Amino acid sequence: MTATRTDTGAAPDTGTGAGTAARIPALRAFPGLDPAWSRTVTVADSTGTRHEWHVLDNGVADPVGTLLCVHGNPTWSYLWRRLVAAAPPGWRVVAPDHLGMGWSQRLDAPRTLEQRVADLGDLTAALGVSGPVVTVGHDWGGVISLGWALGHRADLRGVVLCNTAVAMPEGDWGPVLIRAADAPGVRTAVTVGTPVFVRATTALSRPPLPRAVRDAFAAPYATAARRRAVGDFVADIPFSPGHPSRPVQEAIAEGVRTLDVPALLLWGPRDPVFGERYLADLRERLPHAALHRYEGASHLLPEDAPQYADAVAQWVTELPGSGTAEPAPTPEPASSDDDPPPLWASLTERAGDESPAVVEVGGETVSWAQLHRRVEHLAAGLAASGVRPGQRVGLLVEPSADLTAAVYAVWRAGAVIVVADKGLGLRGMRRALRSAAVDHVVCSTAGLAAARLMGLPASRIATGSVPALPRRALGAVRTLAEVEDAGRGAPAPVVPPGDADCAVLFTSGATGPAKGVVYTRRQAAAQLALVRGTYRLTPEDRLVAAFAPFALLGPALGIGTAVPDIDITAPGSLTARDLAEAVSAVGATVVFASPAALRRVVATAADLTAEQRTALGGVRLLMSAGAPVPAALLEALRDVLPSAEAHTPYGMTEALPVTDVSAAEVAAAGEGEGVCVGRPLAGVDVRISPLHADGGADGDLTGAPGVTGEVCVRAAHVRDRYDALWETDRAASRPPGWHRTGDVGHLDAGGRLWIEGRLPHVVTTAAGPVTPVGIEQRAERVPGVAAAAAVGVGPAGGQVVVVVVVPEGGGGRSRRLRVAGPDLADAVRAAAGVEVAAVLTAARLPVDIRHQSKVDRRQVAARAARFLAGRPGGRRS
């Protein structure tokens, strides 16, 4: 073996054969690539033939570990430049160009998959690469890297895979785009004769790559002679069973199942080459693998999600035995005696009770006895129909008796419910349900149509409301009634252990793509116990659930539940009369509704009859969550619900409730910086991670009063993890056992928590970070202001505060911004408490769909920036 430094002077292309180093151009011209990493190595293969390789190598001597990075087709080692730069201390990074690819020597004949794996082994031996090694593969480099891993188990410490495939799932014919490129008469033209295939690959990136980066990827493939291996790689993909590389590919695919090392899957969901079916196959073969989906990323994951490099660097440093990871404490195994009560325990307890358990106002009423029988039969039927413990069942059913029965039956069968409401929109629901990898879906008529449009690869079960013709046309394999019939006489499913998953719930997506939040049975049971104890709920209570999650939890809490005759995923549609009818239907003593719903109730209270007011007077407890509830709204509700003690629990999809405060306590707290959400509940710890000057918060936690920072929570009912978001989960779980909420606030001297906004909405001015909620509250106290949003405009660290207000009576649907009049602007500036660069007006502020209460400050900031830059109306481009 010989090793020489790269000649960085450009030279003419000489086609195949020796002299590779002379053909490598000035690599410093390629963005992000340090020429010092480049080297050429001459290696003899098994036949004794010597080939010259080009390798990026950070040159760490005596490494604590090596990252072996293997590119696919038609890229080269440039793909891994960020990972070379982000290498953890002591880690070597080796990223070769395959023979015939990049700047390695061109070949006189194609190489098979078996030869490629052997070539990589010859190279690592020549370079002195030894354990521990973590392989990193992308595209066709994924299967080659895994072939190397299987042949070097003694040295292997872990595997990382980015948008690749090791097998074609049953019934699959391979990626459509690659098959098209491999078609007779096409392959030579698009992969070798022209640069179409090379250029098209980098065109897949989202967002589009800079021209200089696309040119860097194409540079090694400037001529047909230099592109010959690009076509050979396509030809070597074993689409057909008789292909020479098929046995090797199948052996690697099956061998992957035996890898017992840590694995990390990084995925771009918008990949038109390797779609969801290939990710599902990898997860089935590597069930222990951590997964992070970079929403918006496409095929070239290392380009589309450049932060992947830091994620990989962090992951390898935390591997057991890496020399930098702290050993995690081994938890005591939970015994069956430690298992929480089943989530359907109240149904069992009230199995002979004929009083209402679920009432659809204007629709069906189901007793406790009926609900218990139906859940038991459905659960047994689901098990008999192939629903296995741990499998995931999506629920595309409107709040109803059918939905309630399906939820508890899925739990009783040991499976996991996946809830992504239509407030996410069809695109958001598709992204959520596909990321959750649902195995089955229970659908109404609209749900079946949505499942078809979303292309969910899951078996479909229709509710009884779906007519036979559309049921068959939309692919439903059975109905709930048929499942229930199948369960009569079938054995009852085994109760799953307490630490088994029970739910994947999706966040509202108000501050980014909705995230899947995983709960175990133990965590869900802890949440139920906390809610029941905090609000002194008993079987004598009855609940009106005008907030979607609580429409499902009523039976688990052991209280009869009424669902108003509205779309409760559109909370602003609830009128006072709707609420009164639901209260009357069950004699409700408890109401749970969102702030948007309660604003509508107050606005329509004049329509109530005397009888309806009497019914509402029987409510003892009002709860509202999802967004801060203004004190003025709570005060106005006393006219509608005169006997109700108003409480506003604070929490989020990841942990609800965290704190609680009554209307009386809000009034006693007075005005402060933000919204007072009360004291932590029993068993809940709240701490603050102080804000830095740059608006970040990643330091030690404190309980000191008056310190503003990110709110962090620890409790038995906090979510288990984020689903398919390893990087997000790790960032939100620091220190271990805590959940970083993304909310910003402070604790006061009395231990009460005040919320000041969201971490992404902190304004980073030259004078330091500024939180928005206090500014908005003070602006909204200015006469004539109905609502306000305080946002930052300008570059981070030098932002200015801009306040956008909605004048009273503003209304309308126009998105146009205007400069506020001088009197209004002066009044807002005087009230704000901070320096305000501009005051603008809008007819309305954009809010989230689920709660219709959370202002989308990022959208407001973008519109304000465009307006102040002279873009007409501050409209979106």
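In the predicted model, phenylalanine 30 and tryptophan 76 are both buried. By the distance rule applied to ring centres, eight aromatic pairs are counted. In one of these, the ring centres of phenylalanine 30 and tryptophan 76 lie 5.8 Å apart and the ring planes meet at 70 degrees, so the arrangement is edge-to-face. This pair connects distant parts of the chain, the two residues being 46 residues apart: phenylalanine 30 belongs to the loop between α1 (20-23) and β2 (38-44), and tryptophan 76 to the loop between β4 (65-70) and α2 (81-85). Both residues also take part in an aromatic cluster formed by Phe30, Trp76, Tyr78, Trp103 and Phe217. Tyrosine 78, a member of this cluster, has the charged end of arginine 81 over its ring, at 4.0 Å from the ring centre.

The loop between β4 and α2 also contains proline 74, and the peptide bond joining asparagine 73 to this proline is cis, with omega near 5 degrees. A cis peptide bond is likewise found from glycine 131 to proline 132, where omega is near 0 degrees; proline 132 is located in the loop between α3 (113-127) and β6 (133-138).

An edge-to-face arrangement also applies to phenylalanine 274 and tyrosine 278, because their planes stand at 90 degrees, with the ring centres 5.6 Å apart. Phenylalanine 274 is buried at 6% relative accessibility, and tyrosine 278 is buried at 1%. A charge placed over a ring is found as well at tyrosine 722, where the charged end of arginine 719 lies 4.7 Å from the ring centre.

Most residues other than glycine have a negative phi, and most peptide bonds are trans. Asparagine 163 adopts a positive phi, near 40 degrees, in the loop between β7 (156-162) and α5 (176-181). With a relative accessibility of 0%, asparagine 163 is classed as buried. Arginine 536, also not a glycine, has a positive phi of about 50 degrees and is placed in the loop between α21 (521-534) and β19 (542-546). Arginine 536 is exposed, at a relative accessible area of 54%.

Helix α6 (residues 187-193) includes threonine 191, which is buried at 0% relative accessibility. Beyond its neighbours within four places in sequence, threonine 191 makes contact with Phe197, Arg227, Val230, Gly231 and Val234.

In helix α18 (residues 445-454), the buried residues include Gly447, Leu448, Ala450, Ala451 and Met454. Viewed along the axis of α18, the buried residues occupy an arc of 165 degrees and therefore line one face of the helix. Among the elements covering them are β12 (392-396), α17 (425-435), β14 (440-443), β15 (459-462), α19 (468-473) and β16 (476-479). Glycine 455, just after α18, takes a positive phi of about 65 degrees.

An open sheet is formed by seven strands with antiparallel pairing, in the order β24-β25-β26-β31-β30-β28-β27. The edges are occupied by β24 (650-652) and β27 (685-690); each has a single partner strand, so one side of each lacks a neighbour in the sheet. From one strand to the next, the twist averages 50 degrees. Within this sheet, β25 (residues 655-660) and β26 (residues 675-680) are paired in the antiparallel sense over two bridges, and aspartate 660 stands opposite arginine 679 in β26.

Definitions and conventions
Residues numbered from 1 in each chain as written. Predicted model: local features only at pLDDT ≥ 70, side-chain atom pairs only at ≥ 80, totals over all residues. Heavy atoms only, no water. Phe/Tyr/Trp six-rings, centres within 6.5 Å; stacked < 30°, edge-to-face > 60°. Helix = DSSP H or I, 4+ residues; strand = E, 2+ residues; numbered from the N terminus. Buried < 20%, exposed > 50% of the residue type's maximum accessible area, 1.4 Å probe, protein only. Lys NZ or Arg CZ within 6 Å of the ring centre and 35° of its normal. Pairing = 2+ DSSP bridges. Axes fitted to C-alpha atoms, helices over the stretch in contact; angles between N-to-C directions. Arc of directions from axis to C-beta. Contact = heavy atoms within 4.5 Å.
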